[in-house]
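Opening a fresh page for this one. I'll jot down what I look up as I go, question by question.

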Amino acid sequence: MVLQKSSDLVRINARRTDVFDIFKFKHYIGPNPYLDIGTLVFDFALVDSRQPLPIEDYIAKIGDRYPHLGSRSYQSYAHLFAQVVSEVGKLDMDLHLNRWSVKPYPNFVRISVQSLHERTTREVAYFVWDWFEAITQDEDFTFDEQLVRLQNKFRASVYGGPTVYALLRTAYEKGIPAFYLWEEGLMQYGLGKKHVRGVATTFNCDSHLDSEFTTRKDDCKAFLKTLGFPVPEGDIVFSEKEALAVARQIGYPVAVKPVVGHKGIGVTADVQDSKELVAAYNRSLAAIPEDQLTRIIVEKSISGSDFRLLCVNGRFVAATERRPASVVGDGYLTLAELIRLENRKPARLDTPTSPMSKIQIDEAMELYLEEQRLSLDSVIEKGRTVYLRKVANLSAGGMSIDATHTVHDDNIILAQDIAQHFQLTCLGIDVMTKSLSESWKSSNFAILEINAAPGVLMHLKPSEGESVDVPSYILETFFESGTDSRIPIITFNKISVEELQATIDHILLQHPNWTIGAICRDGVFVNRSKKVLSKDYNSNVQTLLRHPKLDLLIAEYAEDILNEEGMFYRSSNMVVLDNPSETEMMLARDVFDSSTVVTRKGNDISIRRKGLIEDYSLGDDEPFTRVYLKETGTIL
């Protein structure tokens, strides 16, 4: 067994009682000398003045939490530590972070773990360190409590929303480049002219007019009625008095909701009388943003179940029934205790990958319980199901049940007909009906509203039923494959401004209408036009790959940049290496099977393309530029 002892460094970050030390953290957003993906790198050592337990003791304790880790053998403490950081980094959410490596040095070991969000991964490393030290000292360790804190930190990050994470993970699995644009607050999928940008399921190619139109529920409802589609009778009101008048006119029960809103906030269904109406009106009023006028819809409440029909690119892809949060009595526990018990279930972790949110206790719930002559202190008889809300709000703990294969053809046609009228990638259509298996033409079917930014988790991970891979449907709208999401990229380890411009000119001769982005340490260009060079090298690369008309990227990545920042993108179509260092050889590591790699060592030339290798020597006056410019034709 290998022990990594720190001889020169007695302690850097380690506390007085620690036997392990971790230090010198560095985060890479993309490929780097250690892994070909976003990575957190840190150094690990044993403190000279302390002695760890036998490694088997740590493995046994860790195996209590992660049995599959406890059954393995490990070469060293560092290998065990790296594996545990990688495992904990999934945050019990099944995050797609499972890559790690260990590189030994004389006095320490360098650990690299796949990372998406730097702050979370760094805190995971400290978390595991504290866990190891607690094992050493035979102290209690509040694992679950601290894990929840890490889960919340990730969820609060830009990647932590269920829809954003689902799309990001699917892009990763399909080989589609994806990254966050911090200044814009958007995700980008794809590169150069192939890319799209968006927030969750709304993209830059969507009509902002259509998206805004769906938020004007009154106008949207009138439009659907004009098309001959079934919508509930009702009106917009501006005061409590008007709300009462409309309810008397159309007859109870009614539904009340703000004209501008989302996620079911401020919505109350099945309002039975004037007393309930006043309370419902006030909830809707409270949900209206301060910069919006007081406009509230009062409409006929339709009996039945709440369904979401989802269309992607005008095509029906999924249907989900949404049920209000509920608990089942056991004859002993109160409703409040039953809710707490329900919220502890793994399915209600309330993470970007869990099928249900935690049940929220609020005024709307307590009022609905009061209507049922119940309270949070009521003990519910064994086997009785108590629904906690009138509205099937998933963000407040509701359930989603897949109904995709039950939908009547007429209802599919209806959904697609509606979607055809909107220039939107994703469209959610919320309807109320007893069953989707019956045609809307002959049942109590009503369209409640249209959603231009529908979530995907209810379809991808329903509480019950089969998963529908909505993220794939969405990304396949833009990219048939990972290859289709990319533009050609040529990467150099060493190139001057003059050589860069010569390469641009050579390619423009073949493709005069192309827009070429190029960067080396001394300049950044779009075709021959020089642009402002940022001190942060990779921000220049990102800006070029964000260019909506870019046909090709040429980039220099020398050893110092690779060590300091790593690469922004993953894989190149052509790599040109001029007497490369060991670190710069990583550029040849990250290539496609169809890529071309040109390597010069002294006067010796090696060209590798599609599994074939060609070796020769440069002539006396033959420039290296002639070699690689000739090879650009193999990838263009």
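How many bridges join strand E4 to strand E5, and do they run parallel or antiparallel? I find 5 bridges between E4 (residues 100-104) and E5 (residues 109-114), and the two strands run antiparallel. Between them sit 4 residues, and the pair forms a hairpin. I also looked up who faces Lys103: Arg110 in E5 stands opposite. Note to self before going on: this is a predicted model.

**Strands E14 and E15**

Next, another antiparallel pair. Strand E14 (residues 305-312) is joined to strand E15 (residues 315-323) by 7 bridges. I checked Val312, and its bridge partner in E15 is Arg315. General reminder for myself: strands of a sheet pair through backbone hydrogen bonds, either parallel or antiparallel.

What sheet do they belong to, and in which order do its strands come? I get an open sheet of 5 strands, ordered E18-E15-E14-E19-E20, with antiparallel pairing. Strand E18 (399-402) and strand E20 (446-451) are the edges, as each pairs on one side only. From one strand to the next, the twist averages 30°.

Then I asked what lies across E14, E15 and strand E19 (426-433). That turns out to be helix H15 (residues 470-478), which runs at about 30° to E14.

**His459**

I looked up His459 and found its place in helix H14 (residues 457-460). Buried or exposed? Its relative accessibility is 1%, so I put His459 down as buried, the cut-off being under 20%. Skipping residues up to four places away in sequence, I listed what His459 touches: Arg308, Leu310, Ala318, Ala319, Thr320, Glu466, Ser467, Val468 and Val470.

**Helix H10**

How far apart are the end C-alpha atoms of helix H10 (residues 274-287)? They are 20 Å apart, and this agrees with the 20 Å that 14 residues should span at 1.5 Å a residue. I then pulled the buried residues of H10: Glu276, Leu277, Ala280, Tyr281, Arg283 and Ser284. They cover an arc of only 160° around the axis, so they lie on the same side of H10. Lys275 and Ala286, on the other side of H10, are exposed.

What do the buried residues of H10 pack against? My list has strand E10 (234-237), helix H9 (240-250), strand E11 (254-258), strand E12 (268-271), strand E13 (296-300) and helix H12 (363-371). I also checked the start of H10, where a side-chain oxygen of Asp273 comes within 3.2 Å of the backbone nitrogen of Lys275.

**Helix H20**

In helix H20 (residues 624-631), I have Phe624, Val627, Tyr628, Leu629 and Glu631 as buried. What covers them? I noted several elements, including helix H16 (497-510), strand E21 (489-492), strand E26 (572-578) and strand E27 (591-601). Strand E28 (604-609) and strand E29 (612-617) are also among the elements covering the buried residues of H20.

**Gly523**

Last lookup: Gly523 belongs to strand E23 (residues 523-526). Its relative accessible area is 0%, so Gly523 is buried. Which residues is Gly523 in contact with, leaving aside neighbours within four places in sequence? I get Ala518, Lys530 and Leu533. I also took the C-alpha to C-alpha distance from Gly523 to Phe108: 38 Å in space, with their positions 415 residues apart in sequence.

Methods. Residues are numbered from 1 along each chain as its sequence is written. This is a predicted model: local features need pLDDT of at least 70, side-chain atom pairs count only at pLDDT 80 or more; totals for chains, interfaces and linings use all residues. Side-chain values use heavy atoms; hydrogens and water are left out. The expected span of a helix is 1.5 Å times one less than its number of residues. Buried means under 20% relative accessible area, exposed over 50%, partly exposed in between (1.4 Å probe, protein chains only). The arc is that of the directions from the helix axis to the C-beta atoms. Contact means heavy atoms within 4.5 Å. A polar contact is a pair of N or O atoms within 3.5 Å; within protein, one must be able to donate a hydrogen and the other to accept it, and residues adjacent in sequence count only if both atoms are side-chain atoms. Two strands pair if DSSP finds at least two bridges between them. Axes are lines fitted to C-alpha atoms, for helices over the stretch in contact, and angles run from 0 to 180 degrees between N-to-C directions.
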